[in-house]
Amino acid sequence: MITTLRQKTDYTRWSDTRNILASWESRTQRAAALVPEGSRVIEFGAANRVLERHLHHTCTYTPSDIVDRGPGTLVCDLNLRPLPDFGIGAYDVAVLMGVLEYMRDLPSVIGWLTELAPTCLLSYACARGTRYSPRRAFGSVGRLKAGWLNSYCDNEIRSLFAARGFLQAHEETWHNQHLFVFSRQR
């Protein structure tokens, strides 16, 4: 919780693989099914690299996380600036399952993603209630306890991506999270 209040990435938490839950695998399997065949995929928050096992064999996969997750991992912290330069259009799909809640400056990360990949596939536990409602304020306390650094509702997530030229291509629910696919307008 102290790390959250200081708006810092919790390296200690995510270095311990006991904090990577097996229950997340079904979410990642569903995400893999949404990735088009033959895609060049980068996954932020790669954890146990479950996505890699479920992608179509024609896809290429690059894992990225705040700690090394094995061969080929691009170690980067999306809360640090400047964000890394992986090359414009280096990937077709950027996957972020349960990652964006931990971003201190979500709008700048989304802006950076626009240069990286034309499609973003993500899960996000959306905040409930309007921006200044008691329900939203109460929910923010729980989000802080979870280590989350931001609090957006589903419409705000859609708006953040739309403002950066992304159209929503797909949305569904996985437990208490939304799975979104956003594609950049051509």
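Helix α3 (residues 25-33) lies across β4, β5, β6 and β7 in this predicted model, and runs at about 145° to β6. Helix α7 also packs on the sheet, where α7 touches β5, β6 and β7. The direction of α7 makes about 15° with that of β7.

It helps to look at α7 by itself. This helix spans residues 154-162, and its buried residues are Glu156, Ile157, Leu160 and Phe161. Viewed down the axis of α7, these buried residues fall within an arc of 135°, so they line one face of the helix. The spacing has a familiar background: an α-helix has 3.6 residues a turn, so residues three or four places apart point the same way.

Now to the sheet. Its seven strands form an open sheet with mixed pairing, in the order β3-β2-β1-β4-β5-β7-β6. The edges are taken by β3 and β6, each with a single partner strand, so one side of each is left without a neighbour in the sheet. As a reminder, strands of a sheet pair through backbone hydrogen bonds, either parallel or antiparallel.

Strand β6 (residues 166-174) pairs with β7 (residues 177-184) in the antiparallel sense, over eight bridges. Two of the partnerships are easy to find on screen: Trp174 has Gln177 as its bridge partner in β7, and Leu167 has Ser183. The hairpin of β6 and β7 has two residues between the strands, and His175 lies in that loop.

A good residue to click on next is Leu122, in strand β5 (residues 119-124). Leu122 is buried, with a relative accessible area of 0%. Leaving out residues up to four places away in sequence, Leu122 touches Leu96, Met97, Leu100, Phe161, His178, Leu179, Phe180 and Phe182. One of these contacts, Phe161, is also among the buried residues of α7. Leu122 and Phe182 are 60 residues apart in sequence, yet their C-alpha atoms are 8.5 Å apart in space.

Some backbone details deserve a look as well. Most residues other than glycine have a negative phi, and most peptide bonds are trans. Arg49 and His175 depart from the phi pattern, as the table shows.

| Residue | Phi | Loop | Relative accessible area |
|---|---|---|---|
| Arg49 | about 60° | between β1 (40-44) and α4 (50-54) | 12%, buried |
| His175 | about 50° | between β6 and β7 | 63%, exposed |

Neither residue is a glycine: Arg49 has a positive phi, and so does His175. Arg49 counts as buried, whereas His175 is exposed. The peptide bond between Arg81 and Pro82 is cis, with omega about 0°. Pro82 sits in the loop between β3 (74-75) and β4 (93-97).

Finally, the cysteines. How many disulfides does the structure hold? The structure holds zero. A disulfide is a covalent bond between the sulfur atoms of two cysteines. For Cys126, the closest cysteine sulfur is in Cys153, at 7.1 Å, which is too far for a bond. Cys126 is buried, with a relative accessible area of 11%. Cys59 is buried too, at 13%.

How values were computed: Residues are numbered from 1 along each chain as its sequence is written. This is a predicted model: local features need pLDDT of at least 70, side-chain atom pairs count only at pLDDT 80 or more; totals for chains, interfaces and linings use all residues. Side-chain values use heavy atoms; hydrogens and water are left out. Buried means under 20% relative accessible area, exposed over 50%, partly exposed in between (1.4 Å probe, protein chains only). Helices (H or I, at least four residues) and strands (E, at least two) are DSSP runs, numbered from the N terminus. The arc is that of the directions from the helix axis to the C-beta atoms. Two strands pair if DSSP finds at least two bridges between them. A disulfide is a pair of cysteine sulfur atoms within 2.5 Å. Contact means heavy atoms within 4.5 Å. Axes are lines fitted to C-alpha atoms, for helices over the stretch in contact, and angles run from 0 to 180 degrees between N-to-C directions.
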